[in-house]
Amino acid sequence: VHVEPMLSEETKKLKARRVKERDSIILSAESSLLESEKSYVDCLGTVVSSFINCAGTEQKQLLTKQEAEIVFSSIGEIHEAHTAFLDKLRHRALLKRTLHSAPHRRIWDASEVLKFVELDARFEEVMQSLRFYSSKGVTDEQEHNLKCVVLTYCDVEPEPLGKMILSLLDKSKEPYGKYVENYERGRNFLARLKHSRTKFHRNFRKECNHQELAASLKKPLCSYLRYASWLNEIQPAVFNTHQGEGMATAIQVCETFLTEMNHTLRSQQEVL
């Protein structure tokens, strides 16, 4: 029979401190990822709503549909994939806060949680519980019961971020590949429009918080590099843990894509 060795109080404190430090690193990294993803999705969303969807319409006759396809390529598909990923990140952040909140720090704010649970019909029971508890006030027993309901419909341990990013990379690989293949063509077409469509450029800067169009179109090219840097930063903290699953593979996928992307861009520049 295996008997666990007794740990001294000093060893226990050291272990607890290391766990706390690791959790702090992970929390900071996850917050950073959530914020950068939100900023990226907002930028892509503005391009989609203000320019791609309006192309060729009377609302904004700045670009024809064909011109928008040349300039923006598959940004709409990329935006769709990242919007779904951002929803998952928000879901995960809320779940972690819920499961690990201290008893004296109640986070059962119905208006906040309902934004999350309404994403899926399976959470109808959670929604009913939240409405009841928020109207009556939450006792310790009710909070415990509500957490049990949440755990019934959620993973007890949030999905590893490495696996989440792997799923995103898998779903977005094709639109990103299409975007990279079209990038130099779109960039050169845009350069030709610079003097003939000054209104288009002015409107883009106005809609996109004074960002230049060329700089905004580079953002998708930096996406995989952003994930590779983030994964390399957090990997040591989650090594050999549940949350570390899939990270090494995700890093490899990012690095492979970046190599292929650089090769494609260099080839395009040589042709042009």
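A residue counts as partly exposed when its relative accessible area lies between the cut-offs of 20% for buried and 50% for exposed. Lys-178 has a relative accessible area of 45%, so Lys-178 is partly exposed. The model described here is predicted.

The chain is helical in its secondary structure. It comes to 10 helices and zero strands. Read along the sequence, the pattern is α-α-α-α-α-α-α-α-α-α. The chain has 272 residues, and buried residues make up 40% of them. Contacts were also sorted by separation along the sequence. Among those between residues at least 6 apart, 76% join residues at least 24 apart. The accessible surface comes to about 16,400 Å². Carbon and sulfur atoms account for 52% of that surface.

Aromatic pairs were examined next. A pair of aromatic rings is described by the distance of the centres and the angle of the planes. The structure holds five such pairs. One of them is formed by Tyr-176 and Tyr-224. Their ring centres are 5.2 Å apart, the planes meet at 85°, and the pair is edge-to-face. This pair links distant parts of the chain. Tyr-176 belongs to helix H7 (residues 161-196), and Tyr-224 belongs to helix H9 (residues 213-238). The two are 48 residues apart. Both Tyr-176 and Tyr-224 are buried.

Tyr-176 also pairs with Phe-257, again edge-to-face. Here the distance is 6.3 Å centre to centre, with 75° between the planes. Distant parts of the chain are linked by this pair too, with Tyr-176 in helix H7 and Phe-257 in helix H10 (residues 247-271). The separation in sequence is 81 residues. Phe-257 is buried, as is Tyr-176. Together, Tyr-176, Tyr-224 and Phe-257 form one aromatic cluster.

Tyr-176 has a polar partner as well. A polar contact of 2.7 Å joins its side chain to that of His-82. His-82 is placed in helix H3 (residues 75-100). Its relative accessibility is 0%, so His-82 counts as buried. Leaving aside residues up to four places away in sequence, His-82 touches Glu-37, Tyr-40, Val-41, Leu-168, Tyr-176, Ser-223 and Tyr-227. Tyr-227 takes part in a further arrangement. The charged end of Arg-226 sits over the ring of Tyr-227, 4.7 Å from the ring centre.

Salt bridges form another group of interactions. Side chains of opposite charge can pair when their charged atoms come close. The structure holds five salt bridges. One of these joins Lys-38 and Asp-42, whose closest N and O atoms are 3.1 Å apart. Both residues lie in helix H1, four residues apart, which is about one turn of the helix. Lys-38 has 33% relative accessibility and therefore counts as partly exposed. Asp-42 is at 42%, so Asp-42 also counts as partly exposed.

A second salt bridge joins the side chains of Glu-77 and Lys-178, at 3.8 Å from N to O. This bridge links distant parts of the chain, from Glu-77 in helix H3 to Lys-178 in helix H7, 101 residues apart. Glu-77 counts as partly exposed because its relative accessibility is 40%. Lys-178, at 45%, is partly exposed.

A third salt bridge is formed by the side chains of Arg-187 and Glu-184, at 3.0 Å from N to O. These residues are three apart in helix H7, so about one helical turn separates them. Their accessibilities were computed separately. Arg-187 has a relative accessible area of 40% and is therefore partly exposed. Glu-184 has a relative accessible area of 4% and is therefore buried.

Two other regions complete the description. Ser-28 is placed in helix H1 (residues 9-52). At 48% relative accessibility, which is below the 50% limit, Ser-28 counts as partly exposed. The C-alpha atom of Ser-28 is 9.6 Å from that of Ile-234. These two residues are 206 residues apart along the chain. In helix H2 (residues 65-72), the buried residues include Glu-67, Ala-68, Ile-70, Val-71 and Phe-72. Just after H2, Ser-73 takes a positive phi of about 50°.

Definitions and conventions. Residues are numbered from 1 along each chain as its sequence is written. This is a predicted model: local features need pLDDT of at least 70, side-chain atom pairs count only at pLDDT 80 or more; totals for chains, interfaces and linings use all residues. Side-chain values use heavy atoms; hydrogens and water are left out. Rings of Phe, Tyr and Trp (its six-membered ring) pair if their centres lie within 6.5 Å; planes under 30 degrees apart count as stacked, over 60 as edge-to-face and the rest as tilted. Buried means under 20% relative accessible area, exposed over 50%, partly exposed in between (1.4 Å probe, protein chains only). A charge sits over a ring if NZ of Lys or CZ of Arg is within 6 Å of the ring centre and within 35 degrees of the ring normal. A polar contact is a pair of N or O atoms within 3.5 Å; within protein, one must be able to donate a hydrogen and the other to accept it, and residues adjacent in sequence count only if both atoms are side-chain atoms. Contact means heavy atoms within 4.5 Å. A salt bridge is a side-chain nitrogen of Lys or Arg within 4 Å of a carboxyl oxygen of Asp or Glu. Accessible areas come from the Shrake-Rupley method with a 1.4 Å probe; for residues, only the protein chains shown count as cover.
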